[in-house]
Amino acid sequence: MIYMEIKCYRDRIFTRIFTLPHTRPKDKGSPLKSWLNHLKRTTYNTTLMYNLRMLVAFIGTAFVPYFMGQQLMTIPLTLGVVAAGLSDIDDRFSVRILNQLYTYLGFFITAVGVYLLFPYPILFALALIVSCIALILLGSLGRRYATISYGCLVVSVYSMLGVDLFDGWYVQAGLLVIGAMWYGLLSTLSFLFFPAHRAQDSLAKCYASLGDFLYAKSNLFDVDMTPNSYQQSIIELSLENGKLISIFNEMKTVLLTRLKGDRGQKDTRRSLQYYFVAQDIHERADSAHIDYQKLAKLFEHSDVLFRFQRILSLQAKACKDLADSIQLRTTYVHNKRFKHAFGNLRQSLEKLRQEQQYDQVWVNALFSLYQNLKSIDAQLRNLETERHIKFDRAKYIDHQLKDDDLKGWEDIKIRIKQHLTPESVLFRHAIRLSIVLLISYIFVQLTDIEYGYWILLTALFVSQPNFNATKRRLRLRIIGTLAGITLGYAILYFVPSVEGQLLLLVISGILFFELRSKQYAQATAFITILALINFNLDGMGFAAAFPRMIDTLIGCAIAWFGVSFIFPDWKFRRLPRSINRTLQAECDYLGEVIEQYKSGRNNGLKYRVVRRAAHNTDAEVASLISTLATEPDFDPQQKSLAFEFLCLNHTFISYIAALGAHREKIQDQDILDLLDKALIDIHGALLHDEMPDLSAPKMLLDIRQRLSDNREDDQKSLIILQQLSLIFSILNQLSQLKQSLSHEHDQQATELASL
């Protein structure tokens, strides 16, 4: 209720500021209006507004203690802001407040626990390993709990670094929480004034990534394609698809938080409409109606492939333009060149059909692709019209999103229990990280190394759930720390004044948060500078520089040991399981598509969940295989097979997507029976290694027979037969690759077990 009142008041203010009366045309183009429009665009720049928030936050923690004459307080206050910034979760207002309360309580208990147990090494070590496992497993309950738990782990190490700075069990803990509360206040105010920022940014990212995907797709229409370039294009397309699916999942989370607190807000419903349109465009863009390698050979001297490639490039640019329009809150204008481009493409296709030079099966497939691209064009062209459609309650039921939030205590027990097994990546990471922190703590206790708790901080930040991610962070952490120490030492030497150092502390904090998810090495350099300036406030800045480097190297070495030998999670060991999961999800997707050919097109929750699961698992396999080259003990032959599977699997899901893009109710019972039989054969071949008597040649004969009849009402059936023919043409090879990879994995597992 309070939030709604604040929102209404905010909207009235913004309307007064940003909306000029329409009855005053003489103000058009006036300096005042120009300035207001510029101010409005500035508030839409999320990066600028986020950096402004961090600027105010760090200025407060740096200069308020300075004017109070309590400069030492800057250290825990600044670290509190950093920990709160790492734990910040975008959510609706009521849940955001609740999250912040949980965060502050967790920070205080963690800091107090560290202070009270610190004099008792054995008890501290036991508490460290138990709390680390508990906090990481708490992340199984959802994103918000995982983020808060990670913040508590960061605060625990921060508390170790400053345990001797203040007297009293509550002082450092209280200051850390005050710093977190200061950041929380600024974050909440930013949310109240700009609640749609996160949703708009995520939506813009969706369409920008969709544009990248369409650009990658256009490369498949290259007439100069070779087998090697084709495989590389498919790999790039699959990786772009993985990025897009990840962004879709983030967008879904953002929308769910908005919809739960929604009170009929138009912006939320518009964002939901944009999201569904993006998913539909993705399904159509990902669909494959033809074998692209054969297509390039057959039509290498025709203009038709260039025209398809041109339209896909234009649609990619349109998605990028739409992303910019969403970001800047301007009206998207559809490119007028599309009409001319589609007209010329249609003429080229009609010419191919009339010449009778090419197999009509291929020409028919090109017409299906043409219709698919026309549907994408219609989606983009009409999106600004569709955004004004009001969702009535009956219609909204089909536009629901699957809610993955907790449903009660029973759900909590089930989720935690699911991860209490070595098969769980989260459980393995919890055990591994807790042992790594314990080893680091024991090392610090035995050696009494100077500023040794930086070792724990380094190990915590670089340890990731898998080998490849950890290895990458190790390298970037070392480079960033070395650069940060070099720059930090120069800053302390050339800027001796406290005021100058505090100003650079503020700048370093802002740059850390700006770069932490983009450039990890640079972000590490700036957080190192921030740490050195903090320690210099206690007169230890120069003395801490060299130990910081040594501690980073030791922490990285311990983290590398942990990820390599403690429950190693090398990705090749999970490859067969991931392959089985993605094939099962794709078969489920195909089954749901077939059901809609019987019952009629329905874009409801069930269909979207099954489709998303198939694309999620496909993206997981693509990500997994793309990093195999960095894994130790990985056989080059298996690597080649894995990349071959990656290309063929993405082709398989593209063929299914084409069936999904054209799904409409059909009355031809023979085709429906053929679909059911095909699903059984595909399921048996991919999941149970039961290869059927493939009938692709018979299907092609059936297609030609139907084409010779030249019946317009048979086009839907022809599309189905074409896609089944394409699926069956790769089914044997896909099944053999799956079996080969599983066999290679079993052999490697046996060899490793015998070592």
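The largest cavity in this predicted model holds about 130 Å³ of space. The lining of this cavity comprises 14 residues, of which Ala 84, Ser 87, Asp 88, Gln 100 and Thr 103 are the closest to the centre. Two elements, helix 5 and helix 8 (171–193), each give two or more residues to the lining. Helix 5 makes the greatest contribution, with five residues. Across the whole structure, the search returned four cavities of 30 Å³ or more. Rolling a probe the size of a water molecule over the atoms is what reveals such empty space.

Gln 100, one of the residues closest to the centre of the largest cavity, is located in helix 5, which runs over residues 93–117. Its relative accessibility is 13%, so Gln 100 counts as buried, the cut-off being under 20%. When residues up to four places away in sequence are not counted, Gln 100 touches Gly 184 and Thr 188.

At the level of the whole chain, the secondary structure consists of 29 helices and zero strands. Of the 755 residues, 55% count as buried. Among contacts with a separation of 6 or more, 82% are accounted for by residues 24 or more positions apart.

The largest nonpolar core has 119 residues, and Tyr 207 and Phe 308 are those with the most contacts inside it. Helix 26 (residues 636–661) gives the most to this core, with 13 residues. A second, separate core has 91 residues, including Cys 152, Leu 176, Ala 180 and Ala 544. With neighbours within four places in sequence left aside, Phe 308 is in contact with seven listed side chains' residues: Phe 221, Leu 345, Leu 349, Leu 366, Leu 369, Tyr 370 and Leu 373.Helix 13 covers residues 304–328. At 1.5 Å a residue, the 25 residues of this helix should span 36 Å, and the end C-alpha atoms are 36 Å apart, so the expected and computed spans agree. Arg 329 follows helix 13 and has a positive phi, near 60 degrees.

Two cysteines were examined for burial. Cys 206 has a relative accessible area of 0% and is therefore buried. Cys 319 is likewise buried, with a relative accessible area of 0%. A search of the whole structure for disulfides gives a count of zero.

Trp 560 belongs to helix 23, which comprises residues 541–565. The relative accessible area of Trp 560 is 42%, so this residue is classed as partly exposed, a value between the limits of 20% and 50%. Outside its neighbours within four places in sequence, Trp 560 is in contact with Phe 467, Leu 474 and Phe 565. Trp 560 and Val 436 lie 124 residues apart in sequence, while their C-alpha atoms are 9.4 Å apart in space.

Methods:
Residues numbered from 1 in each chain as written. Predicted model: local features only at pLDDT ≥ 70, side-chain atom pairs only at ≥ 80, totals over all residues. Heavy atoms only, no water. Disulfide = S-S within 2.5 Å. Buried < 20%, exposed > 50% of the residue type's maximum accessible area, 1.4 Å probe, protein only. Helix = DSSP H or I, 4+ residues; strand = E, 2+ residues; numbered from the N terminus. Expected span 1.5 Å × (residues − 1). Core = buried A, V, L, I, M, F, W, Y, C linked by side-chain atoms within 4.5 Å. Contact = heavy atoms within 4.5 Å. 1 Å grid on protein atoms, 1.4 Å probe; cavity = no way out; pocket = protein on both sides within 12 Å on 5 of 7 lines; lining within 4 Å. Points joined across faces, edges and corners; volume = space filled by probe spheres on them.
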